[in-house]
Every structure is written in C-alpha cells, then in structure tokens.
Amino acid sequence: MWRLKVADGGDDPYIYSTNNFVGRQTWEFDPHYGTPEERAEVEAARENYWKNRFQVRPSSDLLWRMQFLKEKRFKQTIRQVKVENEGEITYETATTAMRRAAHFFAALQASDGHWPGENAGPLFLLPPLVMCLYITGHLEAVFPKEYRKEILRFTYCHQNKDGGWGLHVEGQSNMYCTVLNYICMRILGEGPDGGKENACSQGRKWILDHGGAVSIPTWGKAWLSITLIKEYLAYLIGQDAIQCPQSFGSFPLFFLYNQTKMWCFFRLVYMPMSYLYGKRFVVPINPLILQLREEIHTQPYNKIIWRKVRHLCAKEDLYFPHLLIQDLVWDSIYIFTEPFLTRWPFNKLRERALETTMKHIHYEDETSRYINMASVEKVLCMLACWVEDPNGDYFKKHLARVPDYIWIGEDGIKKQTVGSQLWDTSLGLEALLACKLTDEIGHTLMKGHDYINKSQVRDNPSGDFRSMYRHISKGSWTFSDRDQGWQVLDCTAEGLKCCLLLSVMPPEIVGEKIEPERLYDAINVLLSLQSKNVGISAWEPAGNSRWLELLNPSEMFEDVFIEQQHVECTTSAIDAVILFKKLHPGHRKQEIENFIRKAVQYMEDIQLPDGSWYGNWGICFTYATWFALRGLAAAGKTYHNCLAVYKAAGFLLKLQLDDGGWGESYLSCKAKVEKKNVKLSLCLVTQKFTPLEGKQSNLVQTAWSLMGLIHSGQAERDPTPLHRAAKLLINSQKEDGDFPQQEIVGASLRTLMIHYPNYRNIYPMWALAEYRQRVPLS
C-alpha cells in the first residue's frame with residue numbers, strides 16, 4: 001500500500017537540503033502497510049474513479065487524504081447544515097458550514113505544517129521521465145513493479161474516448177501527448193495491441209488516423225530525436241527535418257535569440273535541449289525502437305522524406321502557428337551555419353558553447369538542489385548530465401530528486417509540475433485566518449507559521465548569479481519548497497502576507513513573529529519585479545520587446561518566450577505591500593507608495609472592455625477578476641470611486657447562474673479572436689468567456705466570484721447575489737466537511753491546465769469566511 005512521507009530526506013548520500021527537507025513530500029510503497037479494510041477502501045476509490053473518469057477528469061487526490069485522516073483519527077463532529085429552497089442564511093448557519101470546512105482542512109495539515117497535494121494535470125510530463133530512465137538503464141531501479149503498474153493506471157485513466165491523449169487531463173486529444181503516452185506504454189512492457197481496454201491499439205489508431213508521428217509538434221520532435229528513437233536525430237536533424245533553436249548556445253551573446261532575452265522557463269528547457277543536440281546524442285538501436293518506427297508512422301520508416309515534414313504540425317496541436325519568417329530563420333541557420341559548426345576550426349566554437357551550456361546546467365542543478373525549476377527541464381537536465389558522464393555524481397544527484405516529482409492518486413502515478421506546497425499553504429493559512437477561529441485551530445496556525453518561516457529563501461543564488469542570468473532570491477518564497485530555490489513573486493507576496501497577519505497575533509498561539517529584516521528582504525524582491533511599464537512579473541523583471549514573441553518556437557503555447565506581467569502577481573503584490581506599509585510605515589516609504597500607485601494604475605489600464613481581467617494561472621476571467629478586485633479594494637478603490645471596480649462587479653453579476661454559482665470552462669484560456677495589426681505583424685487578441693458545458697457551476701469559481709463581489713462592496717448595494725452564491729457553497733458541502741471535486745481550475749501558458757485539488761477546500765472555506773464576516777446576516 002502507498003504511503004506519503006513528509007520532510008524525509010531518506011538515506012541517499014546524493015541528496016541534501018537547506019532546511020532539513022521541510023516541505024518535501026515523497027511516496028513509498030510498503031507491502032505491509034495498511035489493514036485489509038484500508039486497502040479495500042483504496043481499491044474502491046480507484047474503481048470509482050475509473051467508472052466516472054469521463055464525468056470528472058481530475059482526481060479527488062484521495063490516497064494521502066485517506067492516510068492523514070486515519071492517522072489523525074479525524075471524525076467530523078460539527079453537524080451538517082443545509083439551506084432550504086426559500087430559506088435565509090443565518091449567521092449561525094454560515095458559521096457552522098465554515099467551521100466544518102476549517103476543521104476538515106486543518107486535519108489535512110502535514111506534520112511539518114504544510115498542506116500536501118497534487119500539482120499535476122499535463123499529460124506530457126511523465127512519458128519523458130520514463131524515456132530518460134529507460135535510456136539510462138535506471139527504469140526498474142527507480143520505478144519497480146508497483147510504480148510501473150501505477151504509471152500504466154494513470155495512462156489508461158486519462159486516455160480519451162477517441163483513443164488519444166490531450167495536453168492535460170481535460171484536453172482534447174493531440175499528437176504530442178498521444179505519441180508520448182503510446183511510447184511510454186510500450187516501454188513499460190505493453191505490446192502493440194496491449195493495455196487496458198486495448199489502450200495501445202486505440203492510441204496507435206488515433207496517431208495514424210491523424211497523419212502519423214511526423215506531424216508531432218516541435219517539442220515532440222525534440223523529445224523523440226533526443227530521448228528515444230535513435231534515427232530521429234540522424235534523420236530529423238541530419239536530414240533537415242527539424243531545427244528548433246536548440247543550438248542557441250552556439251551563437252554570440254549579442255544575437256537576438258539568447259538566454260538573457262528568454263523567459264526563465266523556456267531558457268531552462270532549451271539549455272539542455274541545445275546541449276543534447278550539439279552532442280548529437282543518440283540511443284543504441286534495439287528491437288523496440290525498430291518496432292516503434294513502423295508503428296507510429298503512416299508509411300514505412302525508410303520511405304519517409306524527412307525534409308518535407310520538417311515543419312509539419314497536427315492541427316490538434318497548433319495554437320501558435322509559426323510565421324513564415326520564423327521558419328525561414330531556422331532553416332537558414334541550419335543550412336548556412338551547421339556545415340561550418342561541424343568542421344574545424346568552427347567546431348571549436350561549438351565545443352566551447354557546449355562547455356558553457358553545461359556550466360549553466362550544473363549551476364541550475366546545484367542552486368535548485370537538483371529539483372530544477374520545473375518538470376520539463378528536470379528530465380532534460382538529468383539526461384544531459386548522464387550524457388556528459390553516465391557514472392558521475394551530477395546524474396546521481398538528479399536521480400535522488402526524482403521522488404520529489406512523483407505523486408499518486410486514485411488515478412495512478414503522475415508527475416508534478418514541480419509541487420505547490422508553499423502556494424497551497426499560504427492561501428490555506430489566509431483562508432483559516434479569515435475564519436477567525438483561533439481558539440479552535442491555534443495549533444494549526446502555529447504549525448503553518450513555522451512552515452512559512454522555515455520555507456523563506458535566505459540567500460541569493462550562489463556566486464556571480466547575475467552572470468548566470470539569475471535574479472535575486474533572498475527573502476522570497478518559492479512555489480514548492482525552499483530547496484527548489486526559485487523565487488516567485490505571488491508566492492512571495494502571499495507568504496509575506498501570512499507573516500504579517502500572524503505577526504499581530506499572540507506569539508503563544510501562533511509562534512514568534514519573523515524578524516523585520518527578513519520582511520524587508522521580501523519587500524525588496526517584490527519591488528525589484530515591477531517592470532518599466534509598471535506591471536509585475538512572476539520570476540524575473542519583464543522588459544524585453546513583445547515582438548520577440550514572434551520567435552516562440554513552440555506551436556502549443558503562447559506568451560512563453562519572454563517574461564510577462566501578470567494580473568495575479570500585480571494584485572498579490574499590491575495586497576501584501578499595502579499591509580506591510582500599514583505595519584512598517586517607515587521602511588522605503590516613497591518607493592513603496594510609488595510602487596502601489598503604479599501597480600494600481602496598471603490594473604486599471606489593462607482591464608478588458610467587458611470589465612474582466614485575463615487570468616494566467618487560473619481559469620480564467622473569474623480567477624483574475626477576483627484577484628484584481630482584491631488588490632484594488634486593498635488600495636482603497638471602491639464601486640463608487642473607481643470605474644474598474646464598477647465594471648468588474650457588473651461583469652461578475654451578469655455571469656451568475658440560476659443556481660447562484662459561476663462556471664467557466666478551460667476553453668476561456670485559449671479562445672481568441674485575432675485582429676491583425678499590420679504595422680507590428682502581430683495579432684491583437686480579444687479573449688472571450690466560455691461557460692462550462694451545460695452551464696454548470698463550479699464551486700471554486702463560485703467562491704472566487706463571491707469574494708470578488710464582496711470586495712466590490714456588493715453587500716452594501718444588493719446582497720441577494722451573495723446569498724445565492726453562499727447557499728450553493730453551503731448546500732454542496734459533504735458530510736465530512738469536504739467539498740466535491742469538480743472541473744480543473746488551474747491554468748498556465750494559455751493552453752495548459754493544472755490541477756490544484758486543495759483549491760476545493762481552500763476557496764469555498766475562504767469565501768464563507770468573508771461572507772460571514774462582511775455580509776449582514778440575521
């Protein structure tokens with residue numbers, strides 16, 4: 001039976017930590033763990049998911065929840081409440097529902113103070129890890145039998161009815177994920193016609209019916225050429241079939257396409273990719289590779305004319321089409337540059353570039369304790385280290401951190417994006433603090449405070465970090481845990497806000513407050529990430545020209561080439577900095593006032609005509625509009641003195657459904673109407689709101705909208721919409737205080753959706769707390 005371990009570094013000599021592994025969450029299989037009844041409960045959860053997998057695609061993340069609730073012997077003792085059809089919500093009813101939610105959520109807290117949970121959803125993260133371990137000969141050591149069984153379970157569970165796999169668990173089938181998941185099944189031992197309910201034959205049929213693997217997008221071509229099919233490198237690159245910007249390390253620094261101009265995530269993907277391409281890394285051929293060559297193409301492998309399929313991309317994968325100029329640039333670089341870089345003396349330039357690239361890879365590995373920034377680059381960096389030295393310590397340190405990415409639910413083993421421990425915990429603590437139940441959950445608050453304290457990054461990246469294209473991190477908080485090391489602005493803002501809120505509470509209840517110097521360090525990080533046009537970015541200062549996005553080589557994602565400014569980051573920063581200013585009025589007073597003024601102006605300027613804002617990290621307009629109203633309210637903006645607040649309230653009110661809730665599809669994130677701007681050769685994009693199928697409500701999005709309206713002052717104008725939303729939340733609460741898992745609500749890169757199971761607990765509880773506190777009730 002599977003068991004979640006917390007803050008455990010194990011006995012691997014190649015793993016190390018900056019804070020004794022606080023926040024680390026890893027799974028182990030123990031054949032002797034659990035009673036027969038508990039094992040039967042797990043199997044029932046798996047079977048229930050399988051039967052209902054097409055109704056609710058994200059998992060309910062039940063395995064660790066079952067474990068924790070049993071270990072803590074949790075039993076909900078607060079009576080369940082319902083609001084009748086024509087009944088009014090009383091203060092007592094709202095309080096009871098909120099308390100039930102808070103006690104259930106508190107029972108899910110880990111021993112080190114954080115809230116564990118899945119942060120997954122994309123279906124292209126796990127197969128490359130399987131490929132990498134297969135190539136390096138470590139598959140069975142890292143993934144023994146029980147692990148491989150659960151990987152296959154996850155693959156089967158998320159195959160669509162048409163036989164393919166989508167970009168994420170709710171996505172329509174595309175070539176990229178279908179090819180990768182098909183290869184993953186074959187590596188794990190399934191035959192061409194094997195797999196549960198003929199998963200392999202169905203997947204292969206989808207691939208062949210949609211043009212075969214030659215139409216896989218750029219990232220897919222790169223994965224195949226680098227990690228699995230030996231001849232892909234020789235044919236796809238050697239025969240001019242593909243030329244990603246994987247060799248940017250070969251060009252002088254002043255070239256327009258270099259690391260200093262790229263968004264950190266993209267830069268860290270293409271660094272190891274460029275190294276592997278530059279090394280011409282190929283895998284020794286074997287019978288499985290020969291079989292796969294014939295299985296995933298519509299014609300015999302040796303009959304494919306590779307130069308003709310160089311720029312093919314299946315329409316199901318195509319979100320950001322390459323302009324002709326971009327294809328011409330990559331073709332020209334390949335045709336006119338490659339012949340020189342493979343011959344003396346110019347090959348010395350490539351050798352030097354490869355050495356420099358590897359230096360950057362090792363720096364990223366060391367400063368992130370081999371967790372790396374996120375999942376995609378983790379595998380590429382690990383493979384690059386193995387190619388450099390299969391027996392070296394660098395690769396062994398990578399292997400030691402693979403468990404940090406593995407998560408297990410009732411739908412099987414999945415690979416995390418990186419982990420959302422700090423993010424979930426900071427939001428959860430703010431929600432619990434809003435409940436004002438200190439007498440009941442004081443110990444929970446103290447443990448959470450201790451976790452936040454120990455998770456703050458204490459130093460900048462080591463050495464001359466500027467020369468390694470890194471920004472300051474001292475005083476920040478990461479998305480996952482402190483060892484990962486990458487500063488994130490909204491995580492820093494929410495972590496700082498938790499510290500500030502807890503600093504005014506009795507230390508005997510919540511623990512000693514964090515010293516002011518560390519708060520000042522956090523403020524320094526926030527101030528440093530405001531761009532010249534006053535919006536605020538997530539990881540590094542934004543500022544590169546938007547036209548560089550035209551060089552985005554990924555057909556599946558948009559707004560990924562340069563660092564962007566985000567609504568959520570800007571408003572999180574406004575909220576935290578205003579609270580800091582109130583408690584520490586003398587620190588950098590003028591800078592902070594300018595920061596707030598510019599950020600608020602930015603929020604007002606980028607509001608869309610319908611009154612909404614576009615959300616980058618959640619679905620989508622409801623998410624961003626709640627964040628925006630929260631930040632504007634903190635800045636003193638109201639329905640009566642701010643047109644943006646007035647318009648935002650109107651946007652939310654017109655979308656409220658008959659049952660009192662709100663529901664928004666992930667399609668909102670990617671839907672767009674293009675209007676060409678001839679002068680800039682760009683597209684001005686107008687997003688549109690897309691409701692859930694059948695106009696269903698989603699409880700998390702209902703909570704966002706309810707809180708947004710409360711921040712707009714709706715209670716003083718007409719509380720009826722608030723009562724209707726609160727009624728839906730209260731009546732949807734389950735017997736134990738949990739809320740049902742519904743559609744996915746996290747987002748990234750416009751087309752990629754992320755699953756945050758803890759949101760279903762955090763946001764309805766938070767909304768009920770705000771409703772109880774700020775809406776007059778009898």
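Let's start with the buried residues of helix 24, which are F621, T622, Y623, A624, T625, W626, F627, A628, L629, R630, G631 and L632. That makes helix 24 mostly covered, with twelve of its 14 residues buried. Please keep in mind that what we're looking at is a predicted model.

How does the length of helix 24 compare with what we should expect at 1.5 Å a residue? Helix 24 covers residues 621–634, so its 14 residues should span 20 Å, and the end C-alpha atoms are indeed 20 Å apart. Just after helix 24 you'll find G636, which takes a positive phi of about 85°.

Now, some of those helix 24 names come back when we turn to aromatic rings. Ring pairs link F479, Y623, W626, F627, W704, Y756, Y759, Y763 and W766 into a cluster. In the whole model, the count comes to 31 aromatic pairs. Let me show you two of them.

The first one I'd like to show is F105 with W115. Why is this pair called stacked? The ring centres of F105 and W115 are 4.5 Å apart and the planes sit at 0°, so the pair counts as stacked. F105 belongs to helix 3, residues 91–107, while W115 is in the loop between helix 3 and helix 4 (126–136), so this pair ties together parts that are ten residues apart in sequence. Both F105 and W115 are buried.

My other example is Y763 with W766, again a stacked pair, at 6.1 Å centre to centre and with 10° between the planes. Y763 and W766 both lie in helix 30, residues 759–774, and being three residues apart there, they are separated by about one helical turn. Are they buried or exposed? Y763 counts as buried, at 0% relative accessibility, and W766 is buried too, with a relative accessible area of 5%.

Rings also meet charges here. If you look at Y277, the charged end of R280 sits over its ring, 4.5 Å from the centre. Over at W486, R470 lies over the face of the ring, at 3.7 Å from the ring centre.

Next, a little about strands. Strand 5, residues 406–409, and strand 6, residues 412–415, run antiparallel and are joined by four bridges. One of the residues to look for is I406, whose bridge partner in strand 6 is K415. What joins strand 5 to strand 6? A hairpin does, through two residues.

Let's move on to the cysteines. How many disulfides are there? The count comes to zero. Take C385 as an example: the closest cysteine sulfur is in C381, 6.7 Å away, and that is too far for a bond. C385 is buried, with a relative accessible area of 1%. C313 counts as buried as well, at 18% relative accessibility.

I'd like to finish with I151, which you'll find in helix 6, residues 145–157. At 0% relative accessibility, I151 counts as buried. Which residues does I151 touch, leaving aside those up to four places away in sequence? They are L126, V130, F143, C184, L188 and I413. You can also look from I151 across to M185: these two are 34 residues apart along the chain, yet their C-alpha atoms are separated by 8.8 Å.

Thanks for listening, and do go and turn the structure around for yourselves!

Definitions and conventions
Residues numbered from 1 in each chain as written. Predicted model: local features only at pLDDT ≥ 70, side-chain atom pairs only at ≥ 80, totals over all residues. Heavy atoms only, no water. Phe/Tyr/Trp six-rings, centres within 6.5 Å; stacked < 30°, edge-to-face > 60°. Buried < 20%, exposed > 50% of the residue type's maximum accessible area, 1.4 Å probe, protein only. Lys NZ or Arg CZ within 6 Å of the ring centre and 35° of its normal. Expected span 1.5 Å × (residues − 1). Pairing = 2+ DSSP bridges. Disulfide = S-S within 2.5 Å. Contact = heavy atoms within 4.5 Å.
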